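User: I am new to this structure and would like a close look at one part of it, the aromatic rings and how they pair. Please also set that part in the context of the whole chain and its charged side chains.

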Amino acid sequence: MSLVFSALGLLLALSIAGVALYLITARPYQSSNSVANSYDEWTEDGILEFYWGEHIHLGHYGNPPQRKDFLTAKSDFVHEMVRWGGLDKLPRDTTVLDVGCGIGGSSRILARDYNFKVTGITISPQQVKRAAELTPEGVGAQFRVDDAMALSYPDASFDVVWSIEAGPHMPDKAIFARELLRVLKPGGILVVADWNQRDDRQIPLNFWEKPVMRQLLDQWSHPAFSSIEGFSELLAATGFVEGEVVTADWTQPTLPSWLDSIWQGIIRPEGLVRFGVSGFIKSLREVPTLLLMRLAFGTRLCRFGMFRAVRANSQQPLAEIVLPESVGV
(Lines give C-alpha, C1' and ligand atoms only; values in the text may rest on other atoms or scores of the structure.)
Protein backbone atom coordinates (compact mmCIF):
# COMPACT_ATOMS: atom_id res chain seq x y z
CA MET A 1 0.00 0.00 0.00
CA SER A 2 2.84 2.38 0.84
CA LEU A 3 4.26 1.81 -2.65
CA VAL A 4 0.91 2.78 -4.19
CA PHE A 5 0.78 5.99 -2.15
CA SER A 6 4.39 6.73 -3.05
CA ALA A 7 3.65 6.25 -6.74
CA LEU A 8 0.56 8.46 -6.53
CA GLY A 9 2.55 11.09 -4.65
CA LEU A 10 5.26 11.04 -7.29
CA LEU A 11 2.66 11.31 -10.06
CA LEU A 12 1.00 14.25 -8.31
CA ALA A 13 4.36 15.98 -7.79
CA LEU A 14 5.29 15.49 -11.44
CA SER A 15 1.90 16.82 -12.54
CA ILE A 16 2.25 19.93 -10.39
CA ALA A 17 5.80 20.45 -11.64
CA GLY A 18 4.61 20.02 -15.23
CA VAL A 19 1.84 22.59 -14.82
CA ALA A 20 4.24 25.01 -13.15
CA LEU A 21 6.79 24.57 -15.94
CA TYR A 22 4.05 25.07 -18.54
CA LEU A 23 3.00 28.36 -16.95
CA ILE A 24 6.53 29.62 -16.34
CA THR A 25 7.67 28.94 -19.91
CA ALA A 26 4.76 30.71 -21.60
CA ARG A 27 5.54 32.54 -24.85
CA PRO A 28 3.58 35.80 -24.68
CA TYR A 29 3.52 38.17 -27.61
CA GLN A 30 6.37 40.67 -27.41
CA SER A 31 6.75 41.88 -30.98
CA SER A 32 6.51 40.65 -34.54
CA ASN A 33 10.01 39.25 -34.01
CA SER A 34 8.80 36.90 -31.28
CA VAL A 35 6.17 35.53 -33.68
CA ALA A 36 8.70 35.17 -36.51
CA ASN A 37 11.23 33.44 -34.26
CA SER A 38 8.64 30.99 -32.98
CA TYR A 39 7.59 29.97 -36.49
CA ASP A 40 11.20 29.82 -37.63
CA GLU A 41 11.96 27.30 -34.88
CA TRP A 42 8.94 25.11 -35.63
CA THR A 43 9.77 25.15 -39.34
CA GLU A 44 13.45 24.36 -38.88
CA ASP A 45 12.87 21.30 -36.69
CA GLY A 46 10.02 20.02 -38.89
CA ILE A 47 7.81 18.78 -36.05
CA LEU A 48 4.79 20.91 -36.94
CA GLU A 49 4.97 19.92 -40.61
CA PHE A 50 5.34 16.24 -39.69
CA TYR A 51 2.14 16.17 -37.64
CA TRP A 52 0.09 18.95 -39.26
CA GLY A 53 1.21 18.56 -42.87
CA GLU A 54 1.48 21.44 -45.32
CA HIS A 55 -1.55 23.22 -43.87
CA ILE A 56 -0.87 24.86 -40.52
CA HIS A 57 -4.55 25.51 -39.91
CA LEU A 58 -7.64 23.61 -38.80
CA GLY A 59 -9.54 21.14 -40.93
CA HIS A 60 -13.14 21.12 -42.15
CA TYR A 61 -15.07 18.00 -41.10
CA GLY A 62 -18.47 18.85 -42.56
CA ASN A 63 -21.57 20.22 -40.89
CA PRO A 64 -22.45 18.24 -38.87
CA PRO A 65 -18.87 16.99 -38.45
CA GLN A 66 -18.01 13.51 -39.68
CA ARG A 67 -14.99 11.30 -39.15
CA LYS A 68 -12.29 12.29 -41.59
CA ASP A 69 -8.56 11.95 -42.10
CA PHE A 70 -6.76 14.82 -40.37
CA LEU A 71 -4.74 15.96 -43.39
CA THR A 72 -7.67 15.48 -45.77
CA ALA A 73 -9.81 17.71 -43.55
CA LYS A 74 -7.19 20.45 -43.85
CA SER A 75 -7.14 20.43 -47.65
CA ASP A 76 -10.95 20.19 -47.64
CA PHE A 77 -11.00 23.38 -45.57
CA VAL A 78 -9.29 25.28 -48.39
CA HIS A 79 -11.82 24.10 -50.97
CA GLU A 80 -14.74 24.90 -48.64
CA MET A 81 -13.34 28.39 -48.09
CA VAL A 82 -12.94 28.89 -51.84
CA ARG A 83 -16.58 27.94 -52.42
CA TRP A 84 -17.87 29.98 -49.48
CA GLY A 85 -16.02 33.05 -50.74
CA GLY A 86 -17.24 32.57 -54.31
CA LEU A 87 -13.68 32.30 -55.56
CA ASP A 88 -14.45 29.19 -57.61
CA LYS A 89 -16.32 31.47 -60.02
CA LEU A 90 -13.25 33.61 -60.72
CA PRO A 91 -11.19 33.20 -63.91
CA ARG A 92 -7.78 31.58 -64.12
CA ASP A 93 -4.82 33.90 -63.54
CA THR A 94 -6.75 35.73 -60.79
CA THR A 95 -4.11 37.31 -58.54
CA VAL A 96 -4.26 36.26 -54.89
CA LEU A 97 -2.37 37.47 -51.83
CA ASP A 98 -2.24 34.77 -49.12
CA VAL A 99 -1.58 36.68 -45.89
CA GLY A 100 0.05 34.46 -43.27
CA CYS A 101 0.74 31.66 -45.76
CA GLY A 102 2.75 29.40 -43.45
CA ILE A 103 4.65 26.86 -45.52
CA GLY A 104 2.35 27.46 -48.47
CA GLY A 105 -0.16 24.61 -48.36
CA SER A 106 -3.20 26.75 -49.16
CA SER A 107 -1.28 28.82 -51.71
CA ARG A 108 -0.35 25.69 -53.65
CA ILE A 109 -3.96 24.47 -53.75
CA LEU A 110 -5.17 27.87 -54.98
CA ALA A 111 -2.49 27.88 -57.68
CA ARG A 112 -2.69 24.22 -58.71
CA ASP A 113 -6.43 23.50 -58.51
CA TYR A 114 -7.85 26.92 -59.44
CA ASN A 115 -5.06 28.25 -61.68
CA PHE A 116 -4.70 31.42 -59.62
CA LYS A 117 -1.48 33.41 -59.48
CA VAL A 118 -0.69 33.35 -55.78
CA THR A 119 1.73 35.33 -53.66
CA GLY A 120 2.10 34.01 -50.13
CA ILE A 121 3.53 36.21 -47.41
CA THR A 122 4.65 35.38 -43.89
CA ILE A 123 6.81 37.08 -41.30
CA SER A 124 8.93 33.93 -40.95
CA PRO A 125 11.96 33.61 -43.28
CA GLN A 126 12.17 29.88 -42.60
CA GLN A 127 8.55 29.41 -43.65
CA VAL A 128 9.25 31.23 -46.92
CA LYS A 129 12.25 28.98 -47.54
CA ARG A 130 10.29 25.80 -46.80
CA ALA A 131 7.28 26.94 -48.84
CA ALA A 132 9.51 27.42 -51.87
CA GLU A 133 11.04 23.98 -51.36
CA LEU A 134 7.61 22.33 -51.26
CA THR A 135 6.29 24.09 -54.36
CA PRO A 136 6.80 22.09 -57.58
CA GLU A 137 7.99 23.82 -60.71
CA GLY A 138 5.07 25.03 -62.80
CA VAL A 139 2.79 25.75 -59.81
CA GLY A 140 1.99 29.47 -59.87
CA ALA A 141 2.77 30.30 -56.26
CA GLN A 142 5.61 32.43 -54.96
CA PHE A 143 6.54 33.37 -51.41
CA ARG A 144 8.19 36.28 -49.65
CA VAL A 145 8.77 37.71 -46.19
CA ASP A 146 6.42 40.57 -45.40
CA ASP A 147 4.61 42.08 -42.42
CA ALA A 148 0.81 41.99 -42.54
CA MET A 149 0.72 45.11 -40.38
CA ALA A 150 2.57 47.08 -43.06
CA LEU A 151 2.31 45.27 -46.38
CA SER A 152 4.94 46.28 -48.91
CA TYR A 153 2.50 46.24 -51.84
CA PRO A 154 0.89 49.37 -53.26
CA ASP A 155 -2.84 50.02 -53.08
CA ALA A 156 -5.10 47.90 -55.31
CA SER A 157 -2.52 45.21 -56.13
CA PHE A 158 -4.56 41.97 -55.96
CA ASP A 159 -7.89 40.56 -57.17
CA VAL A 160 -8.26 38.48 -53.99
CA VAL A 161 -6.82 38.77 -50.49
CA TRP A 162 -6.97 35.53 -48.51
CA SER A 163 -5.97 34.84 -44.91
CA ILE A 164 -6.34 31.86 -42.58
CA GLU A 165 -5.78 32.09 -38.82
CA ALA A 166 -3.30 34.97 -38.95
CA GLY A 167 -5.36 37.58 -37.11
CA PRO A 168 -4.62 36.52 -33.51
CA HIS A 169 -0.95 37.41 -34.07
CA MET A 170 -1.80 40.99 -35.11
CA PRO A 171 -1.38 43.58 -32.32
CA ASP A 172 -3.74 46.13 -33.89
CA LYS A 173 -6.77 44.60 -35.59
CA ALA A 174 -7.85 47.90 -37.18
CA ILE A 175 -4.52 48.29 -38.98
CA PHE A 176 -4.66 44.63 -40.02
CA ALA A 177 -8.17 45.13 -41.45
CA ARG A 178 -7.09 48.24 -43.33
CA GLU A 179 -3.99 46.58 -44.81
CA LEU A 180 -5.98 43.59 -46.06
CA LEU A 181 -8.41 45.84 -47.90
CA ARG A 182 -5.88 48.46 -48.99
CA VAL A 183 -4.01 46.07 -51.29
CA LEU A 184 -7.25 44.74 -52.77
CA LYS A 185 -8.34 46.00 -56.19
CA PRO A 186 -11.72 47.77 -56.45
CA GLY A 187 -14.31 45.03 -56.87
CA GLY A 188 -11.88 42.46 -55.45
CA ILE A 189 -12.78 39.92 -52.78
CA LEU A 190 -11.42 39.58 -49.25
CA VAL A 191 -11.87 36.17 -47.60
CA VAL A 192 -10.62 35.64 -44.05
CA ALA A 193 -10.86 32.67 -41.67
CA ASP A 194 -9.86 33.26 -38.07
CA TRP A 195 -9.97 32.27 -34.43
CA ASN A 196 -12.20 34.66 -32.54
CA GLN A 197 -13.21 35.30 -28.97
CA ARG A 198 -16.84 35.68 -27.94
CA ASP A 199 -17.85 39.35 -28.09
CA ASP A 200 -17.25 40.34 -24.46
CA ARG A 201 -19.07 43.63 -25.00
CA GLN A 202 -22.26 41.57 -25.03
CA ILE A 203 -21.34 38.84 -22.53
CA PRO A 204 -18.29 39.65 -20.35
CA LEU A 205 -15.82 36.87 -19.62
CA ASN A 206 -16.49 35.09 -16.33
CA PHE A 207 -14.11 33.91 -13.60
CA TRP A 208 -12.79 30.83 -15.45
CA GLU A 209 -12.87 32.23 -18.97
CA LYS A 210 -10.40 35.02 -18.21
CA PRO A 211 -7.48 32.74 -17.21
CA VAL A 212 -8.24 30.36 -20.10
CA MET A 213 -8.08 33.21 -22.61
CA ARG A 214 -4.91 34.48 -20.96
CA GLN A 215 -3.23 31.13 -21.58
CA LEU A 216 -4.47 30.94 -25.18
CA LEU A 217 -2.87 34.31 -25.78
CA ASP A 218 0.37 33.81 -23.88
CA GLN A 219 1.21 30.28 -24.93
CA TRP A 220 1.14 30.93 -28.69
CA SER A 221 2.30 34.58 -28.93
CA HIS A 222 -1.13 36.08 -29.50
CA PRO A 223 -1.61 39.72 -28.44
CA ALA A 224 -5.42 39.46 -28.67
CA PHE A 225 -8.34 37.70 -30.34
CA SER A 226 -11.00 39.83 -31.96
CA SER A 227 -14.65 38.86 -31.95
CA ILE A 228 -16.53 38.06 -35.15
CA GLU A 229 -18.68 41.13 -34.59
CA GLY A 230 -15.73 43.34 -33.71
CA PHE A 231 -13.55 42.44 -36.67
CA SER A 232 -16.50 42.79 -39.02
CA GLU A 233 -17.00 46.31 -37.67
CA LEU A 234 -13.31 47.11 -38.18
CA LEU A 235 -13.43 45.96 -41.80
CA ALA A 236 -16.49 48.14 -42.44
CA ALA A 237 -14.86 51.09 -40.66
CA THR A 238 -12.01 51.18 -43.18
CA GLY A 239 -14.34 52.80 -45.71
CA PHE A 240 -13.13 50.30 -48.33
CA VAL A 241 -16.05 47.86 -48.19
CA GLU A 242 -18.87 47.81 -50.70
CA GLY A 243 -22.14 46.77 -49.07
CA GLU A 244 -21.94 44.64 -45.93
CA VAL A 245 -19.26 42.38 -44.52
CA VAL A 246 -20.58 38.81 -44.69
CA THR A 247 -19.70 36.56 -41.74
CA ALA A 248 -20.23 32.93 -40.81
CA ASP A 249 -19.45 30.74 -37.81
CA TRP A 250 -17.48 27.59 -38.68
CA THR A 251 -16.86 26.47 -35.11
CA GLN A 252 -18.66 23.13 -35.46
CA PRO A 253 -17.09 22.03 -38.79
CA THR A 254 -13.58 22.75 -37.45
CA LEU A 255 -14.01 21.61 -33.82
CA PRO A 256 -12.68 18.02 -34.25
CA SER A 257 -9.30 19.41 -35.33
CA TRP A 258 -8.15 20.12 -31.78
CA LEU A 259 -8.38 16.58 -30.43
CA ASP A 260 -7.43 15.14 -33.82
CA SER A 261 -4.15 17.04 -33.68
CA ILE A 262 -3.34 15.39 -30.33
CA TRP A 263 -4.38 12.01 -31.71
CA GLN A 264 -1.76 12.35 -34.46
CA GLY A 265 0.99 12.13 -31.86
CA ILE A 266 -0.49 8.88 -30.54
CA ILE A 267 -1.04 7.08 -33.84
CA ARG A 268 2.24 8.26 -35.37
CA PRO A 269 4.87 7.29 -32.77
CA GLU A 270 7.57 7.36 -35.46
CA GLY A 271 7.78 11.07 -34.72
CA LEU A 272 9.43 10.17 -31.40
CA VAL A 273 12.17 8.35 -33.29
CA ARG A 274 12.59 11.11 -35.86
CA PHE A 275 12.72 14.05 -33.46
CA GLY A 276 14.10 12.37 -30.37
CA VAL A 277 13.32 13.07 -26.73
CA SER A 278 13.61 16.85 -27.13
CA GLY A 279 11.10 16.81 -29.98
CA PHE A 280 8.76 14.61 -27.94
CA ILE A 281 8.91 17.01 -25.00
CA LYS A 282 8.37 20.00 -27.28
CA SER A 283 5.31 18.35 -28.82
CA LEU A 284 3.97 17.19 -25.46
CA ARG A 285 4.22 20.72 -24.17
CA GLU A 286 1.57 21.86 -26.68
CA VAL A 287 -1.06 19.37 -25.49
CA PRO A 288 -2.45 21.57 -22.65
CA THR A 289 -2.93 24.49 -25.05
CA LEU A 290 -4.66 22.26 -27.59
CA LEU A 291 -6.98 20.99 -24.85
CA LEU A 292 -7.68 24.56 -23.73
CA MET A 293 -8.46 25.47 -27.34
CA ARG A 294 -10.92 22.55 -27.52
CA LEU A 295 -12.49 23.71 -24.24
CA ALA A 296 -12.75 27.32 -25.43
CA PHE A 297 -14.27 26.53 -28.82
CA GLY A 298 -16.49 23.79 -27.41
CA THR A 299 -18.02 26.12 -24.82
CA ARG A 300 -18.37 29.04 -27.28
CA LEU A 301 -15.82 31.16 -25.42
CA CYS A 302 -14.09 31.14 -28.80
CA ARG A 303 -15.62 30.88 -32.26
CA PHE A 304 -14.19 30.18 -35.69
CA GLY A 305 -15.14 33.19 -37.79
CA MET A 306 -15.38 33.57 -41.55
CA PHE A 307 -15.37 37.00 -43.22
CA ARG A 308 -16.08 38.04 -46.80
CA ALA A 309 -15.96 41.60 -48.12
CA VAL A 310 -15.86 43.24 -51.52
CA ARG A 311 -13.60 46.23 -52.08
CA ALA A 312 -15.60 49.32 -53.04
CA ASN A 313 -14.96 50.89 -56.44
CA SER A 314 -14.34 54.29 -54.92
CA GLN A 315 -10.89 54.71 -53.38
CA GLN A 316 -11.11 56.95 -50.33
CA PRO A 317 -7.69 58.36 -49.38
CA LEU A 318 -6.28 56.70 -46.27
CA ALA A 319 -5.69 60.07 -44.65
CA GLU A 320 -9.46 60.67 -44.57
CA ILE A 321 -10.27 57.41 -42.80
CA VAL A 322 -10.58 57.44 -39.01
CA LEU A 323 -10.33 53.95 -37.52
CA PRO A 324 -11.73 53.05 -34.10
CA GLU A 325 -9.63 51.72 -31.26
CA SER A 326 -9.26 48.00 -31.94
CA VAL A 327 -7.11 46.05 -29.52
CA GLY A 328 -9.34 43.62 -27.60
CA VAL A 329 -12.30 44.03 -29.94
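Analyst: What follows begins with the chain as a whole, turns to the aromatic rings, and ends with the charged side chains.

The model is a predicted one, and its chain has 329 residues, of which 50% count as buried. Its secondary structure comes to 13 helices and seven strands. Among the contacts in the chain with a separation of 6 or more, 79% are between residues 24 or more positions apart. The chain exposes about 15,200 Å², and carbon and sulfur atoms supply 59% of that area.

Turning to the rings, and pairing those whose centres lie within 6.5 Å, one arrives at a count of 14 aromatic pairs. One of them is formed by F77 and W250, whose ring centres are 5.5 Å apart and whose planes stand at 80 degrees, so this pair is edge-to-face, given that an angle over 60 degrees places a pair in that class. The pair links distant parts of the chain, since F77 belongs to helix α4 (residues 70-85) while W250 sits in the loop between β6 (241-249) and α10 (251-254), 173 residues apart. Both F77 and W250 are buried.

A second pair to examine is that of W195 and F225, where the ring centres are 6.4 Å apart and the planes are at 50 degrees, so the pair is tilted. This pair, too, links distant parts of the chain: W195 is in strand β5 (residues 184-197), and F225 is in the loop between α8 (209-219) and α9 (228-237), with their positions 30 residues apart. W195 has a relative accessible area of 8% and is therefore buried, and F225, at 2% relative accessibility, counts as buried as well. These two rings also belong to one aromatic cluster, which is formed by W195, W220, F225, W258 and F297.

Aromatic rings in this model also have charged side chains lying over them. R268 lies over the face of F50, at 4.2 Å from the ring centre, and K282 lies over the face of W42, at 4.2 Å from the centre of that ring. A further aromatic residue, F280, takes part in a nonpolar patch on the surface together with L272, V277, I281 and L284, and the patch has about 480 Å² of accessible area in total. Of these residues, I281 is found in helix α12 (residues 270-285).

The charged side chains can now be considered in relation to one another. Side chains of opposite charge can pair when their charged atoms come close. The structure holds 22 salt bridges, and in one of them R130 is joined to E49, with the closest N and O atoms 2.9 Å apart. Because R130 lies in helix α6 (residues 125-134) and E49 in helix α3 (residues 47-52), the pair ties together parts that are 81 residues apart in sequence. R130 also forms a salt bridge with E133, the closest N and O atoms being 3.1 Å apart, and these two residues both lie in helix α6, three residues apart, which is about one turn of the helix. R130 counts as partly exposed at 24% relative accessibility, and E133 counts as partly exposed at 46%.

Another salt bridge is the one in which the side chains of R201 and D199 meet, at 2.9 Å from N to O. Here R201 is partly exposed, with a relative accessible area of 49%, whereas D199 is buried, with a relative accessible area of 5%. Finally, salt bridges that share partners join E49, K129, R130 and E133 into one network.

Note on methods: Residues are numbered from 1 along each chain as its sequence is written. This is a predicted model: local features need pLDDT of at least 70, side-chain atom pairs count only at pLDDT 80 or more; totals for chains, interfaces and linings use all residues. Side-chain values use heavy atoms; hydrogens and water are left out. Rings of Phe, Tyr and Trp (its six-membered ring) pair if their centres lie within 6.5 Å; planes under 30 degrees apart count as stacked, over 60 as edge-to-face and the rest as tilted. Helices (H or I, at least four residues) and strands (E, at least two) are DSSP runs, numbered from the N terminus. Buried means under 20% relative accessible area, exposed over 50%, partly exposed in between (1.4 Å probe, protein chains only). A charge sits over a ring if NZ of Lys or CZ of Arg is within 6 Å of the ring centre and within 35 degrees of the ring normal. Patches are made of residues with over 30% relative accessible area and no salt bridge: like charges are joined within 9 Å, nonpolar side chains (Val, Leu, Ile, Met, Phe, Trp, Tyr) within 5 Å. Accessible areas come from the Shrake-Rupley method with a 1.4 Å probe; for residues, only the protein chains shown count as cover. A salt bridge is a side-chain nitrogen of Lys or Arg within 4 Å of a carboxyl oxygen of Asp or Glu. Contact means heavy atoms within 4.5 Å.
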